[in-house]
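Work through the exercises below with the sequence and the model open. Each task is followed by a solution in steps.

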Amino acid sequence: MTILVTGGAGFIGANFIYYELKAHPEDRIVCIDKLTYAGNLETLQEALKHPSFRFEKIDICDRKAVFALFEEERPDVVVNFAAESHVDRSIEDPGIFLTTNILGTQVLMDASRAYPVKRYHQVSTDEVYGDLPLDRPDLFFTEETPIKTSSPYSSSKAGADLLVNAYHRTFGLPTTISRCSNNYGPYQFPEKLIPLMISNARADKPLPVYGEGLNVRDWLYVEDHCRAIDLILRKGKVGEVYNIGGHNEMKNIDIVRIICAALHKPESLITHVTDRKGHDMRYAIDPTKIHEELGWLPETKFKDGIQKTIVWYLEHKDWWERIVSGEYRNYFEKMYGERLQSARN
Ligand code: TDX
């Protein structure tokens, strides 16, 4: 079958492409990506050598280009990873989040109706459920937890999810949605917590921890997420939502300490900076449904996954050093310049 992967030059999309090429070499993968700051064609270098892989630089909001590609390729399955995904950027400038994440999803689903697909899968996030209090470790997000977003980013993802459900109910589009907890692993853009801390620690730069660093995230190795999506595509029930998470809750500050220790860097690099506006306290996924219905369980333990990730970043310095220059350097200055300045005073 032909799988159309959108946003495949980004972190999770690229990992998914490599997973599929290996697990299902009989399938054809067509990838479209706008190649924004977060999408790097270098990431797909190996995939581009593969005879059953095709890449096109297309923005999911470009209706004409998307429809032309559907006309040509007639994909059986669409997996939509394409999204603006960084919460801090959405606080600075919400507009592009609404355009890409909601209207882009609409374009893809319109094309999936015009050239009928067997499945349209929307890659969503646990952030659509809002956050949980730190003093209620018994609470988890289930698929029935009400949508209650905090940031422009999570609101845009929730908007897209609602639209996906509407297209299923109104037009009978065969949809599924997955909502995963925080991912980490190779090819993650170094604006996100783990790669940012690795690249800064390597360069003996301050490690900017928002507030006290007590916020909790539920970390999952990206390959486990890819395997879950693959299972949903092949065995999941149409019209359903599946939560994905590995019961691996950790405080931000503990993650940063682990990275310092692994890189033999002093904890004195840790710098507490102004907190994120509307900062979610805790995310925690209940993955019972995907476990019971599809037999999914995470395979990589955090202690192994974080080691693998650190080694990957050390061995792929060229990949992220090129990124941590140019546009990203300006971004870093804008987002952290004042925060670090006020932490020093
Ligand atoms: O410099 C930092 N300092 C810091 O303390 C950064 C970048 C982050 N943080 C904190 C904020 C969060 O509590 O670390 C935690 C993780 O931050 P991010 O890596 O930005 O991820 P998060 O905000 O949790 O959102 C992520 O998970 C859900 C992804 O970015 C989303 O795209 C995904 O949907």
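The exercises cover the ligand shell, two strands, the aromatic pairs and two backbone angles.

**Conventions**

This is a predicted model, in which local features need pLDDT of at least 70, side-chain atom pairs count only at pLDDT 80 or more, and totals for chains, interfaces and linings use all residues. Residues are numbered from 1 along each chain as its sequence is written, and side-chain values use heavy atoms, with hydrogens and water left out.

**Exercise 1. Describe the shell around the ligand and the polar contacts to Ser85, Lys192 and Arg276.**

Step 1. A residue is near the ligand if one of its heavy atoms lies within 4 Å of it. The ligand is surrounded by 22 residues, and the closest are Glu127, Tyr153, Arg276, His279 and Tyr336.

Step 2. Sort the shell by class: ten residues are nonpolar, seven polar and five charged. Here Ala, Val, Leu, Ile, Met, Phe, Trp, Tyr, Cys and Pro count as nonpolar, Asp, Glu, Lys and Arg as charged, and the others, Gly among them, as polar.

Step 3. List polar contacts (pairs of N or O atoms within 3.5 Å; within protein, one must be able to donate a hydrogen and the other to accept it, and residues adjacent in sequence count only if both atoms are side-chain atoms). A side-chain N or O atom of Arg276 is 2.6 Å from a ligand oxygen. A polar backbone atom of Ser85 is 2.8 Å from an oxygen of the ligand, and a polar side-chain atom of Lys192 is 3.3 Å from a ligand oxygen.

Step 4. Taken alone, the ligand exposes 650 Å², of which the protein buries 95%. Accessible areas come from the Shrake-Rupley method with a 1.4 Å probe; for residues, only the protein chains shown count as cover.

Step 5. Helix H6 (193–202) and strand S8 (207–210) are the elements that give two or more residues to this shell. Helices (H or I, at least four residues) and strands (E, at least two) are DSSP runs, numbered from the N terminus.

**Exercise 2. Which way do the side chains of S8 and S11 point, and which strands do they pair with?**

Step 1. In S8, Leu207 and Val209 point one way, Pro208 and Tyr210 the other, and all are buried (under 20% relative accessible area; exposed is over 50%, partly exposed in between).

Step 2. Strands pair if DSSP finds at least two bridges between them. Four bridges join S8 to strand S13 (residues 270–273), and the two run parallel; Pro208 has Thr271 as its bridge partner in S13.

Step 3. In S11 (residues 241–244), Val241 and Asn243 point one way and Tyr242 and Ile244 the other, all of them buried. S11 runs parallel to S6 (residues 175–180), with four bridges, and Asn243 is the S11 bridge partner of Arg179.

Step 4. In a regular strand the side chains alternate between the two faces of the sheet.

**Exercise 3. Classify the Tyr184–Trp219 and Tyr187–Trp319 pairs.**

Step 1. Rings of Phe, Tyr and Trp (its six-membered ring) pair if their centres lie within 6.5 Å; planes under 30 degrees apart count as stacked, over 60 as edge-to-face and the rest as tilted. The structure holds 18 such pairs.

Step 2. Tyr184 and Trp219 have ring centres 6.5 Å apart and planes at 75°, so the pair is edge-to-face. Both residues are buried.

Step 3. Tyr187 and Trp319 are edge-to-face too, at 5.7 Å and 75°. Trp319 counts as buried because its relative accessibility is 7%.

Step 4. Tyr18, Tyr187, Trp312, Tyr313 and Trp319 form one aromatic cluster.

**Exercise 4. What sign does phi have at Tyr187 and at His247?**

Step 1. Most residues other than glycine have a negative phi.

Step 2. Tyr187, in the loop between S7 and H6, has a positive phi of about 70°.

Step 3. His247, in the loop between S11 and strand S12 (249–251), has a positive phi of about 50°. His247 has a relative accessible area of 48%, so it is partly exposed.

Key:
Buried < 20%, exposed > 50% of the residue type's maximum accessible area, 1.4 Å probe, protein only.
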